[in-house]
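Me: I should like a close look at a single part of this model. Please describe in a connected account how its elements are arranged and what surrounds them.

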Amino acid sequence: MSEIKSILSQLDCVAKNPRRQLDMIIDGGKNVVGCLPVYCPEELVYAAGMIPFGIWGADGKELSKAKLYFPAFICSVLQSALELGLEGAFDRMKAVMIPVLCDSLKCMGQNFKAGVPQVEFLPVIHPQNRKTEAGQEFLRSQYMKLRKRLGEIGTPISDEKLAEAINIYNNHRRVMREFSETAAKHPELISASERSAVIKSGFFMDKAEHTKLVERLNLLCGAEPVVPWDGKRVIVTGILADSSSLLSIFEKNGIAVVGDDVAAESRQFRTDVPVTKDPIEGLARQFADMEGCSVLFDPEKKRGDMIVKLAKERKADGVIVLLTKFCDPEEFDYPFLKRAFDAAGIPSILIEVDRQMVNYSQAETAVEAFREML
Amino acid sequence: MEERKPAKILLREIADAAYQRAWDAKNAGEKVGWCASNFPVEIPAALDIPVVYPENQAAAIAAKGGGQRMCEHAEGLGYSNDLCAYARINMAFADLKTCEELDMPQPDFVLCCNNICNCMIKWYEALAKTLNIPMILVDIPYNTEYEVSEDRIRYIRKQFDEAIQKLCEITGKTFDPKKLEESMKVSNRTSRAWLKATDYCKYIPSPLNGYDLFNHMAVAVCARASVEAAEAFEQLAEEYAQSVKDGTSTYRGEQKYRIMFEGIACWPHLRHTYTALKDRGMNVVATVYADAFGFIFENMDEMMAAYTNVPNCMNIERAADMRIKIAKRTSIDGAVIHVNRSCKLWSGIMPEIERRLRTEVGVPTVTFDGDQADPRNFTPAQYDTRIQGFYEVMEENKKGGGR
């Protein structure tokens, strides 16, 4: 039991101290490339001998410099990420990768280039017609350009190195999926905050090291007897679910997170990279294989049904939608999610979240009321 | 000899006729589409498929005072009030099926292109799912480079072919490459005429009231591939040429200050935004629409590049250069910037563009908060105060021997 607590506390420490983690990696002799939401081909960075480092903004960050670039109605994830960049928090990174998967991300890249010229900006351009051959060909071409540049920044990327990186990442994904199931089985061992910290810490560590720790954690928890949980079981969905205030409200109300459809959580690891002769082809195909994400084109809008299926599998009592304020893609999905949950008879609640949020009393009341309803 | 109608009447008739044509087709049992404003219009034109433009309808509804009612209806359906007001108005219309300000037929398919924003994809996804109809997406990824790379052109080109094939399947029409060539030719002719007409803004005084362009641009965008549109813009250019000779203008009164209006019109408060400028002798002589909607291309590859080089798809350097070029050519005294609550992409790089405009062109700028279609996001008092302050700066500049 004490080893479980020790691993959880170690990962919690990483999740809470990205700055220190960044310095440790760089002081240890590794180069780092920042990766903004939602999907960056991290395997390319890893194959170039560098460490990809997640940048998803910061809670409670006071915005001052970012206001010189963004109007107020851009999400707090990107506002706070830009603020960090303008403050010099990424100056030790070799480059920062920024995709164009939503309109605010498009602006983010341009503003980063203008405001943080000391750190190289690497745009990541994905196609939205991602399942067609035309889209795949385009993505392979874009990945090849990134491969070339990252190879120059780090070390040249051979097919072997890339295949190895893909293998390490697929392994990490598998272990993280297992962790999500483990946490669902053992809410008495892994609280909502700890679950979040285990996942979040993966953004700030070498994936191979993170895999080892989480694999051990899964093993240790798996050996514990499954005991009845007298609290409630929920699925969370949204861009982020890492607010410590919100997670402690969940805990206070005896709510366990037994699964998620969160961009910064399961969406990062639920789709493996197919192993192909040309590893770039596999990397591109993974992007075609992804489903149920608000920033990826899907006229069938499968996301709602996917969450319903997950809720049933994990025996969830309800779904909590954590809607990031000013996130167009998520806001457009919400009416369809609600419809899917209602049709399946799954109780759900919408809580608007924001990295600048300080007063959680409204959220707390909503969570309490929701718990009563379940 | 019968006196010919003024171009502005012709342009209005063309816009109205597009809606009528769609109604006639719908009533005759033909398939009708809803189309994103910057979807390659040459495709439906080549296939002779009637389409209408939700953005155009939403702007008209907002201008006629229906914006808030429609937005609130969409909010009742679960769409956040943070979302684009054009999208909200259209989702409300898709639910209500009718609108007193402007009606249009319901769609059998939707044609989407994200060269103006990815919000468009989510909006059209929602339409396709809600109405259970097919969606065709021509994906034009945001261009982070200055020029359009080969791989982008190949990708877009292939999507053209796929879009044509899918449209043929949906509508039962057959594709004739010659017709596409023809529609490309006409579209170029219209664009040239549009550029020629809008170029008259550079004259001092300008022969046109800049706000006229907000009305005319709908035809430049949506009806580009029609001969009538080409002819109407050619006539418009002739009229402006004559005005320059005669020293007349559609702007009434003295044009004391020449300004750039940056952003989409604030449709619900069009009159208010206009009057505050007009009262102070300001005429709009520069908008990005002038250059941005002149799609000029010689061949298919250039057409793919043209659809990438639209305002919301270009990187910050190109976006700034385009505005600086227009500002210099039209000799502006200042720029009024609409921080449009509906448009994250347009507004999200505007502060940096504003700084570059000030530095490179050396003119004062002012921003105001507004919205293209939701009247609740605009405060008349803020607008008036800012415009007055802006006016005073320009006045000082003039006294100081500036422009």
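Reply: The account below concerns a part of chain A, followed by a brief turn to chain B. The model is a predicted one.

It is convenient to begin with strand β6 of chain A, residues 255–262. All eight of the eight residues of β6(A) are buried, so the strand is largely enclosed by the rest of the structure. Strand β5 of chain A, residues 232–238, pairs with β6(A) in the parallel sense, and seven bridges connect the two. Within this pairing, Thr237(A) is placed opposite Asp261(A) of β6(A). In general, strands of a sheet pair through backbone hydrogen bonds, either parallel or antiparallel.

Among the elements against which the buried residues of helix α8 of chain A pack is β6. Helix α8(A) spans residues 192–201 and is mostly covered, with seven of its ten residues buried. The buried residues are Ala192(A), Arg195(A), Ser196(A), Ala197(A), Val198(A), Ile199(A) and Ser201(A). Besides β6, they pack against α1 (2–16), α7 (159–185), α9 (207–222), α10 and α11 (266–269) of chain A.

Helix α10 leads to a further contact. The axis of α10(A), residues 244–252, comes within 10 Å of the axis of helix α15 of chain A, residues 361–373, and the two cross at roughly 30°. Because angles under 35 degrees count as roughly parallel, α10(A) is roughly parallel to α15(A). The crossing of α10(A) with α15(A) is right-handed. On the side of α10(A), the contact is formed by Leu246(A), Ile249(A), Phe250(A) and Lys252(A), and on the side of α15(A) by Ala363(A), Glu364(A) and Val367(A). By class, the contact of α10(A) with α15(A) comprises five nonpolar and two charged residues, with no polar ones. As a general point, an α-helix has 3.6 residues a turn, so residues three or four places apart point the same way.

Chain A also takes part in the surroundings of a residue of chain B. Arg341(B) lies in the loop between β7 (334–340) and α15 (344–347) of chain B. Arg341(B) has a relative accessible area of 17%; because buried means under 20%, Arg341(B) counts as buried. Apart from neighbours within four places in sequence, Arg341(B) is in contact with Phe73(A) and Phe326(A) of chain A, and with Asp82(B), Gly370(B), Asp371(B) and Asn377(B) of chain B.

Key:
Residues numbered from 1 in each chain as written. Chains lettered and ligands numbered in written order. Predicted model: local features only at pLDDT ≥ 70, side-chain atom pairs only at ≥ 80, totals over all residues. Heavy atoms only, no water. Axes fitted to C-alpha atoms, helices over the stretch in contact; angles between N-to-C directions. Helix = DSSP H or I, 4+ residues; strand = E, 2+ residues; numbered from the N terminus. Parallel < 35°, antiparallel > 145°, perpendicular 65-115°, else oblique. Left-handed = near helix turned anticlockwise from the far one by under 90°. Contact = heavy atoms within 4.5 Å. Nonpolar A, V, L, I, M, F, W, Y, C, P; charged D, E, K, R; others polar. Buried < 20%, exposed > 50% of the residue type's maximum accessible area, 1.4 Å probe, protein only. Pairing = 2+ DSSP bridges.
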